[in-house]
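Got the viewer open and a hand free for the selection box? Let's walk through this model one stop at a time.

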Amino acid sequence: MMTIYKWENGGLKETTELCDSCWINLAEPTTAELEQVLCFSQVPRDFLTDPLDREERPRFESEDGFHLVIVHVPLPVRGDEDDESVLPYETLPLGIVLFGQSVITICSQTTPVTNAFLDQIRRVCPPGERNRFMFRLLWHAAVLFLRYLRDMHAKIEDLEDSLHESISNEVLLKLLTYQKSLVYFSTSLKADNILINRLDHARQLNLSEDDSDTLDDAAVEYQQALETATIHSNILNGTLDTFASLINNNLSNVMKYMTAATILLAVPTVITSAYGMNIPLPLQDYPHTFAVLSAISGVLAVGIIGVLFYLYKKRVF
């Protein structure tokens with residue numbers, strides 16, 4: 001889908017024709033739309049095709065006066081929240097192409113970054129100020145990272161509260177999906193921070209003082225997002241390790257009690273097994289043999305219980 005916005009009367013207005021000083025937003029573009037934009041802008045073809053690769057890394061490239069910036073942006077995944085196999089958030093590349101007095105944004109999916117950016121920037125920054133326009137877009141992407149990180153932190157705390165009540169496989173698997181999302185966020189934000197630092201020193205962009213200030217604002221937000229993602233990821237890793245230890249400890253306790261029960265049951269089993277053999281045995285002709293054997297088994301069982309209780313009090317068992 002291609003959407004064109006033209007700066008007119010102090011604001012961005014949607015139009016159907018490509019023109020100078022416009023913002024061309026491509027989301028899941030068709031081949032015809034790509035060819036149309038290529039013919040109009042004359043930018044290198046790979047500037048429009050590379051950002052469509054979901055594995056493309058953040059980078060800055062300049063060629064014949066055209067500039068390409070690929071940055072990773074957050075994307076909420078629309079799916080069943082109860083499905084433990086669906087990641088709640090992921091990241092994908094967003095390409096920003098600067099040419100003439102215009103800006104092209106291109107992405108393999110519709111991203112909330114450009115939508116939120118349009119709502120906030122509609123009457124603030126014209127595409128003709130392309131550096132500031134791009135840096136404001138990057139700032140909005142960082143703000144979205146922070147917003148999604150807050151949402152993830154709140155949901156993770158709710159899941160942890162559920163685990164305190166009862167350890168559930170479904171909740172643990174859901175926490176694992178949030179852990180994966182945090183890893184994607186941390187990895188993408190590290191690469192984005194490297195890109196921001198490179199843009200700050202890119203002589204090809206000819207940054208003005210206002211451009212540098214806007215870029216510094218974006219850099220602060222990206223650094224904050226990276227630190228927040230790293231902290232949340234470390235906390236979640238520690239939480240999952242703790243619950244794994246609790247599960248192992250609970251399993252050890254169950255095995256301990258099962259072992260004690262097995263020992264108690266073994267006493268009468270050994271005695272009765274001995275008296276089931278076809279050989280002469282003591283008290284075999286005594287009329288109250290069963291009562292005597294039961295009493296002996298009971299005394300031995302009580303003795304074993306006493307020993308186990310003593311060991312339990314001494315924290316040995």
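We begin at a turn in the chain: select D64, which sits in the loop between strand 4 and strand 5. This is a predicted model, and here the backbone does something to look at: D64 has a positive phi of about 55 degrees, although it is not a glycine. Most residues other than glycine have a negative phi. Is D64 buried or exposed? At 70% relative accessibility, D64 counts as exposed.

Now jump to E28, in the loop between strand 3 (22-27) and helix 1. E28 is not a glycine either, and its phi is positive too, at about 50 degrees.

**Zoom out**

Switch to a cartoon view and look at the whole chain. You should find seven helices and seven strands. Following the sequence from its start, the order is β-β-β-α-α-β-β-β-β-α-α-α-α-α. Of the 317 residues in the protein, 42% are buried. Turn on a surface and you have about 17200 Å² exposed, with carbon and sulfur atoms supplying 54% of it. As for how the chain comes together, take the contacts between residues at least 6 apart in sequence: 65% of them join residues at least 24 apart.

**Into the core**

Hide the surface. In soluble globular proteins, nonpolar side chains tend to be buried together. The largest nonpolar core here has 56 residues, so try selecting I96, M134, L138, F185, L199, L205 and Y222, the ones that touch the most other members. Which elements give two or more residues to this core? They are strand 5 (66-76), strand 6 (89-99), strand 7 (102-107), helix 3 (112-121), helix 4, helix 5 and helix 6 (209-274). Helix 4 supplies the largest share, 16 residues.

Keep L199 selected and show what surrounds it. Setting aside neighbours within four places in sequence, L199 is in contact with F60, V69, F135, L138, L205, L207 and L215.

There is also a second, separate core, this one of 19 residues, including I4, C22, V97 and I106.

**Rings together**

Next, pick out Y89, F145, Y148, F185 and Y222: these form one aromatic cluster. F185 and Y222 were also on the list for the largest core. Across the structure there are seven aromatic pairs.

**Charged partners**

Side chains of opposite charge can pair when their charged atoms come close. How many salt bridges does a search of the whole structure find? It finds six.

Start with E35 and R45, whose side chains meet in a salt bridge at 3.0 Å, N to O. E35 is in helix 1 (residues 31-41) and R45 is in helix 2 (residues 45-49), ten residues apart. E35 is partly exposed at 35% relative accessibility, and R45 is partly exposed at 45%.

Move on to E90 and R54, another salt bridge, with the closest N and O atoms 3.0 Å apart. E90 lies in strand 6 and R54 in the loop between helix 2 and strand 4 (59-63), so this pair ties together parts that are 36 residues apart in sequence. Both are partly exposed: E90 at 22% relative accessibility and R54 at 34%.

Then select R132 and E129, where the closest N and O atoms of the salt bridge are 2.3 Å apart. E129 is partly exposed, with a relative accessible area of 36%.

For something with more partners, select D50, E56, R59 and E61 together: a network of salt bridges links them.

**Last stops**

Find Q179 in helix 5. Why does Q179 count as buried? Its relative accessible area is 18%, and buried means under 20%. Beyond residues up to four places away in sequence, Q179 touches L236, N237 and L240.

Finish back on the surface with I167, L246 and I247, which form a nonpolar patch with about 210 Å² of accessible area together. I167 is in the loop between helix 4 (130-165) and helix 5 (169-200), and it is partly exposed, with a relative accessible area of 33%.

Key
Residues are numbered from 1 along each chain as its sequence is written. This is a predicted model: local features need pLDDT of at least 70, side-chain atom pairs count only at pLDDT 80 or more; totals for chains, interfaces and linings use all residues. Side-chain values use heavy atoms; hydrogens and water are left out. Patches are made of residues with over 30% relative accessible area and no salt bridge: like charges are joined within 9 Å, nonpolar side chains (Val, Leu, Ile, Met, Phe, Trp, Tyr) within 5 Å. Accessible areas come from the Shrake-Rupley method with a 1.4 Å probe; for residues, only the protein chains shown count as cover. A salt bridge is a side-chain nitrogen of Lys or Arg within 4 Å of a carboxyl oxygen of Asp or Glu. Helices (H or I, at least four residues) and strands (E, at least two) are DSSP runs, numbered from the N terminus. Buried means under 20% relative accessible area, exposed over 50%, partly exposed in between (1.4 Å probe, protein chains only). Contact means heavy atoms within 4.5 Å. A nonpolar core is a set of buried Ala, Val, Leu, Ile, Met, Phe, Trp, Tyr and Cys residues joined through side-chain atoms within 4.5 Å. Rings of Phe, Tyr and Trp (its six-membered ring) pair if their centres lie within 6.5 Å; planes under 30 degrees apart count as stacked, over 60 as edge-to-face and the rest as tilted.
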